[in-house]
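Load the model in your viewer and keep the selection tool ready. The stops below follow one another.

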Amino acid sequence: MTALRLLAFAAAAVVLAACAAPPPPPAAPDPRRAPASQDERMAWWRDARFGLFLHWGLYAIPAGKWRDHDGYGEWIRDSARIPREVYAEYQPNWNPTAFDADAWARMAKAAGMRYVVITSKHHDGFCLWDSEQTDWDVGRTPHGRDVLAELAAACRKHGLAFGTYHSIMDWHHPDYLPRRPWETERPTQGADFARYERYLHAQVAELVQRHQPAIMWFDGEWESTWNHERGVRLFAHCRELAPAMLVNNRVDVHRGGMAGFSTATDAVGDFATPEQEIPATGLPGVDWESCMTMNAHWGWNAADRDWKSTKDLLRNLIDIASKGGNYLLNVGPRADGTFPPEAVERLAQIGAWMASNGEAIHGTTASPFDALPWGRCTTKRAGDRTTLYLHVFDWPKDGVLRVPGLGSAPRRALLVGDPGQRLRATASDDGVAIAVPAAAIDAIATVVALEVDGAPLVFRAPTITAESASFVRALDVEVRGDDPRVEVRCTTDGRDPEVGDPLVRGPVRITASCTVRAATFWQGRRRGPVAARAFTKATPLPPVKAVAKREGLVVERHAVDWRSIPDDRGGLPVTARDVVATVGPLRDPGERVAFVYRGFLLAPRDDVYRFALASDDGSKLWLDGQVVVDHDGLHGPTEKRGEVALAAGLHAIEVVWFNASGGATLDLQWAAPGAPFAPFDAACLRH
Ligand code: FHN
């Protein structure tokens, strides 16, 4: 080869490599600089998509074992009922001689992670930095090194954003209340929660001033002493300390249990935090991050062999990114400061996949498809082109990858793991078909990049929504497509819509029971799936003949240790009886307790009424003996809804709520057609 051709070849290789090399990630901004908008604040985090969670502390020393049980984790102090002074004996034994922050940061980066969140303080109160606010920290240990300072420096060196997980709940600080339920000998006299709140704020300020975390990840917000007002104060303080620092929604009391999200309009926090789960359809319009363990424990447990496979972990990452979320994958380092070998192995294997396919995760947004039979899709818009990254879990046996419902013309298709191999893509009424090689590149997920012009045109089933599923006289039904480029037609006579059926131009009013069927039309033909939803014209429950002259409901308190509401509740010993104006927030109801509300609800007119029952733990609503909302079971503060048609007049109402332990919330609201949900007017509840 002549020197000139050699030079040309080398130059082409450099250009190709530069084209193939992903652009550098947007760095986390200086947390102290006020961003111009929430989008600017979130930009680096949305681009990141993938982070490392680290649960590390004194609890790594017992490694999950206490006396004859070895199933504990980071909650061992509480779960094993270890007295505060006994647990404190771990502090002089904290000596992770093998701790190497640089190695941790390198493993995270090699795995394709873009940020790290480490427990600055978990519920046991022990601090992984040398805090001026307390001696209950690493500063008073043989190791003495400031873990956070070293990890923050290593993260910066390797271009990772550094974040801290900080527990609001604190089992060590004398001013934190409530005590653990079993800590009956531990005095509460003199405990001053307001003073604890000042301590919490002082530590957060210390963390920000010393380590400039890009994320403040709060947790332990569910106990009765923490509330929305305190959450708003702490969130505001974080914003004042570091305007660009991200703060999760657990700073407030509206995370909605393990679902990590609530519709509370006054909730504060930059992103929702589903835990150990992936929201089925993501959380559209919300920044959210699923945090999950690699095995069954957050903190190190030597006996835990329940490691998720790399396949499961990678497909979680892809699934989450395809729904527009972030994946915060946890490692619980061992007491000596090393990662468990199983975690090291999984991070390396994830990193190998990310090295070839990271562009299909970083900087992507959610799939435009409702579902794909063979895998997932992530999306990346650049100028007037969109790349659809098709993550194929189940490789087609006939050599054709079908993308149903895609109306856009394919411009280019290639294998992300082998960009030199162009693929032939053709469009049809059913979508786009891509000829692919007989064998997948990667059995876990092989990614095909399909480029289309502009925003992808996807024929999704229209949405069919209404205020309720039943009605007494008439109901307005909203039928909507999600792309202004397509038409939507619908029927109410059971047929699938055809091109001759009326275009949907507003609410569809129905006056009889029927199924609304809707579909999208484009260029004169029906494209994509047909949506269908049934609505019922209901006969209102007749009013009961009762005399209920007094306002309010009778509530009976029972000392019971339920995990769910029993069908037979007769003969329960009554520990208190009262009359209350409504079924709503409780003042210190305690644990292992149930409340039963009975009386009558006065319906103002014949109509369908909707009910929203929010509780922690379980609850249930009956009207005239019919279950209207079943929100039974052990759960966090979440809400369920139901509806029933009632004739004007009195109807028997019964609400049962129980609290096993921990958080205790209850709130029942109702809504007539066209009205927002609201608590009951005093005159509506009678006994
Ligand atoms: O109680 C903690 C638990 O120990 C762990 O830290 C998880 C991780 O998000 N958060 C709480 C449980 O929701």
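**Stop 1: the cysteines**

Select cysteine 238: its relative accessibility is 0%, so it counts as buried (under 20% relative accessible area; exposed is over 50%, partly exposed in between, with a 1.4 Å probe and protein chains only). A note before you go on: this is a predicted model, where local features need pLDDT of at least 70, side-chain atom pairs count only at pLDDT 80 or more, and totals for chains, interfaces and linings use all residues. Residues are numbered from 1 along each chain as its sequence is written, and side-chain values use heavy atoms, with hydrogens and water left out.

How many disulfides are there? The count is zero, where a disulfide is a pair of cysteine sulfur atoms within 2.5 Å. From cysteine 238, the nearest cysteine sulfur belongs to cysteine 127, 16 Å away. Now pick cysteine 490. It is in no disulfide either; its nearest cysteine sulfur is that of cysteine 514, at 9.2 Å. Cysteine 490 is buried, at 8% relative accessible area.

**Stop 2: the ligand**

Select the ligand and the 15 residues around it (a residue is near if one of its heavy atoms lies within 4 Å). Which come nearest? They are His55, Glu74, His123, Asp219 and Glu275. The shell divides into seven nonpolar, three polar and five charged residues. Here Ala, Val, Leu, Ile, Met, Phe, Trp, Tyr, Cys and Pro count as nonpolar, Asp, Glu, Lys and Arg as charged, and the others, Gly among them, as polar.

Show distances to the ligand's oxygen atoms. An N or O atom in the side chain of histidine 55 is 2.7 Å from one. For tyrosine 165, a polar side-chain atom lies 3.2 Å from a ligand oxygen. For arginine 250 the distance is 3.3 Å. Taken alone, the ligand exposes 330 Å², and the protein buries 93% of that (Shrake-Rupley method, 1.4 Å probe).

**Stop 3: histidine 122**

Stay on tyrosine 165 and add histidine 122. Their side chains share a polar contact of 3.0 Å (a pair of N or O atoms within 3.5 Å; within protein, one must be able to donate a hydrogen and the other to accept it, and residues adjacent in sequence count only if both atoms are side-chain atoms). Histidine 122 sits in the loop between β2 (115-121) and α6 (147-157). Helices (H or I, at least four residues) and strands (E, at least two) are DSSP runs, numbered from the N terminus. Buried or exposed? Histidine 122 counts as buried, because its relative accessibility is 3%.
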